[in-house]
Every structure is written in C-alpha cells, then in structure tokens.
Amino acid sequence: MIIGIPKEIKNHEYRVGATPSMVRLLVDAGHQVFVQSLAGDKIGYNDEMFTRAGAKIVQSAEEVYNSEMIIKVKEPQLSEFPLLKEGQILFCYLHLAPDPEQTKHLVEKKVVAIAYETVTDVQGRLPLLIPMSEIAGRIAIQVGATSLQLNYGGQGLLLGGVPGVAPAEVVVIGGGVVGTEAARMALGLGASVTIFDRDLNRLRFLDALYGPTLKTMYSSPLTIEEAVSKAALVIGAVLIPGKTAPKLVTRKMIQKMSPGTVVVDVAIDQGGCMETSRPTTHTEPTYVVDGVLHYCVTNMPGTCARTSTQALTNATTEYALVIANKGWKKALLDHVGLRHGLNVCFGQITNESVAYDLGYTYVPAENLLS
C-alpha cells in the first residue's frame, strides 16, 4: 500500500502521524511511505531520519495526498479537503459530532475515514485516544496553574499554597483517563482536589488509589454547582465516545466563580462540557467570560508535540499495519475494534453517535462491508 504522512497545518500543531521508527516498520512490511518535507522537523525528526527509515520525501501536500492511505494526527483543515479522493483511507483524529462542516466534506469526498478516537480494544477501551488523554489531562493542570498567575490574568494563586496558606481548590469533572491524570498532577502540586463522576465503581477505584488525599463526589447539577463556585481551577474532562459532550457546567455556575479563577475544558474537541466554552488555539488560548479565564485549545497535546507524537504512534502503529497489510475492508471485517473506528465510508455515516448528533442516516459498518 502507498501511505502518505502529511505535515500538519492546524494552528501550532507540530505532531506528525508517523515517527521514523513507525515508517521503518511500514516499509519492512512491504509498503511505500511518502512523508512531506519538514513534517517532523520541529520535534527533532528531520527529513534525513525519515529517508534512512525508508520513506520518500516529497515537497507538497498534493504529492502526499496521492497516496492510498493518509496517516495524520488532526482532522483535515479547510485547504486539505480538496486534496482528498474517493475511496482514500483517512486515519487520524476526527471528532465529527461537534463539526458538521468537516463531516459534510468527508461525506461529499466519499473517503474511508477511520477515527482514532472511536477505535476500541477487546476491553472496550479507546486505545488510540488514551495516550493523548493522558497527556491532555496533565497539560490541563500545567496550563491551569500558569493561568492562575496574575501575569496571565488569574487571581495570583499558587495551586499548592505554602505553609500557613491554604492550597487552591481544583475541581475535576469526569473520572476517566483525562480526569485521573489531571487529578494526579494537581495532587502532585499540592492542591486540594475533588473529582466528579457518575460511575460509582470508578469513584471507588479512585478512592482506593489515592485515599483521603483525593475527594470523590457523585456527579449531579447541585454537587457540581456547589464545588465550582468555590474552585480556583475547574477541569472539564467529560467524554461520551463519538458524541457531543454534555454541558455540565452552565453559565450560571460560571457566574458564581470568583474573578480570576480558571476553567480548562479538555472536552472541547467534542464540543466542550461547559456552556461558556468555545474552541481556541495555541496562538490565542484563553478568553474571559464573567471574569473567569477560559482555556479551550482543541489540540492541547500539540504543545508537547514530541512526547505526544511518540505516545500516539506507539498506539497507532499496529493498527496502521493491520489496515495496510490487509486492506481496509478485510481489516475492518476481521477486527471489530477497528471497525468501531469507521465514521464515514463512501458517503455514509457509520458511527451512530455522529449520525444522531448531526442528523444523518446511520448506516452500520457491517452493512457496507458485507
């Protein structure tokens, strides 16, 4: 199979869809890999390293997009849609439910779009989302702590306090991978942390893992409202795979927060879990609503692009090899978890959540593959 690795063009996105190590594995398996020049240059993977791994370096995105399969990190940007071709495999993060424009383009182009974020493993987990969720959860606390500084518009609080001064209150909404990693980082900095979830078994697990240093709360509108009103930093870490995130933090809750407090909505890729959230970029990462600083960057792991690329490709390599070795139809027929990743196929929406949220007719992947 001919595989293309384009240079990412989203705002301050320096991750790359394949490392030289991943390229070598694809080439050793008998595939041709075309890498756009400078695709990994910013994070220490120069063109020579890809060439030594067996890739051919090409100069333009047009040359890369002549490939049978495109492996990238983030969803196609506006200038990339015209480069897509009918029947072409697109393997990357898509987050379609809150993005009707992208979905429309992918449907019209009749591509085979396999989304990292809905691929599952045998335990029902999301193996291609987990690495970025781990990183995003940790980054959320880093940027939240920085945003609380006066020079960034915050209250001038240190998360962990100092002897004689109480630590800041951090509220984490969602006890999944993002929330757990955020809680871990916040606790490590000495903050007072409360985490919310509706899965009691998950709360029991977190309680057993961290003991009394982490406060666990069952999620309800009232309990969230009470906690948010007292918080210095709120982390939105809610995920319903494939679906638009529910708005668990309302505008009224935001209005009860003190001026200079901070919210970081990691769920922004799926539309955000706060009523006041809107997508931002690394160039302009924050804005203020009712005195509260909002950080809603849609590609948070991109700020730690080298670590993120390594973690992501550790997870995606085996799936990319399966698709390339078997072809997309046989790969999806043989691997139910990979089949769950199929979101768009020859003009049909094959993810039920995406179809429901955007008003498309849902066509099960099995119907098309048969």
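**Sheets, domains and pockets of the predicted model**

Strand E5 (residues 89-92) and strand E6 (residues 112-115) run parallel and are joined by four bridges; helices (H or I, at least four residues) and strands (E, at least two) are DSSP runs, numbered from the N terminus, and two strands are said to pair if DSSP finds at least two bridges between them. The structure is a predicted model, in which local features need pLDDT of at least 70 and side-chain atom pairs count only at pLDDT 80 or more, while totals for chains, interfaces and linings use all residues. Residues are numbered from 1 along each chain as its sequence is written, and side-chain values use heavy atoms, with hydrogens and water left out.

Within the pair formed by E5 and E6, Leu90 stands opposite Ala113 of E6. On E14, the bridge partner of Ala113 is Val344, and E6 is joined to strand E14 (residues 342-345) by three bridges in an antiparallel arrangement. Val344 in turn has Ile349 of E15 as a bridge partner, and E14 and E15 pair in the antiparallel sense over two bridges. These two strands, E14 and E15, form a hairpin with two residues between them, and Phe346 in the turn has a positive phi of about 50°.

These pairings belong to an open sheet of eight strands, which has mixed pairing and follows the order E3-E2-E1-E4-E5-E6-E14-E15. Strand E3 (56-58) and strand E15 (348-349) stand at the edges with a single partner strand each, so one side of each is left without a neighbour in the sheet. Helix H1 (residues 20-28) packs on this sheet, where it touches strand E1 (2-5), strand E2 (32-36) and strand E4 (69-71), and the direction of H1 makes about 150° with that of E2. Contact here means heavy atoms within 4.5 Å, and the angles, which run from 0 to 180 degrees between N-to-C directions, rest on axes that are lines fitted to C-alpha atoms, for helices over the stretch in contact.

An open sheet of seven strands, likewise described as having mixed pairing, has the order E9-E8-E7-E10-E11-E13-E12. Its edge strands are strand E9 (214-218) and strand E12 (286-289), each of which pairs on one side only, and the twist averages 20° from one strand to the next. Five bridges join E8 to E9, and these strands run parallel; Val193 has Leu214 in E9 as its bridge partner. Helix H7 (residues 200-210) packs on the sheet by touching E8 and E9, and the direction of H7 makes about 170° with that of E9.

The domain assignment gives domain 1 (2-110 + 305-368) and domain 2 (130-303), with bounds that come from an automatic or database domain assignment. The C-alpha centres of domain 1 and domain 2 lie 30 Å apart, and the contact takes 21 residues from domain 1 and 18 residues from domain 2.

Open and enclosed spaces were then examined on a 1 Å grid over the protein atoms alone, where a cavity is a set of points at which a 1.4 Å probe fits but cannot get out, a pocket is an open set with protein on both sides within 12 Å along at least five of seven lines, and lining residues have an atom within 4 Å of a point. The largest pocket has a volume of about 1000 Å³, and 44 residues line this pocket, of which Gly176, Ala237, Val238, Leu239 and Ile240 lie nearest its centre. Both domain 1 (2-110 + 305-368) and domain 2 (130-303) give residues to the lining of the largest pocket, so it lies between them. The largest share of this lining, four residues, comes from H5. By class, the lining of the largest pocket has 24 nonpolar, eleven polar and nine charged residues, where Ala, Val, Leu, Ile, Met, Phe, Trp, Tyr, Cys and Pro count as nonpolar, Asp, Glu, Lys and Arg as charged, and the others, Gly among them, as polar.

The second largest pocket has a volume of about 360 Å³, a volume being the space filled by probe spheres set on grid points that are joined across faces, edges and corners. Its lining consists of 20 residues, of which Lys10, Glu75, Pro98, Asp99 and Gln102 lie nearest the centre, and at least three residues are drawn from each of domain 1 and domain 2.
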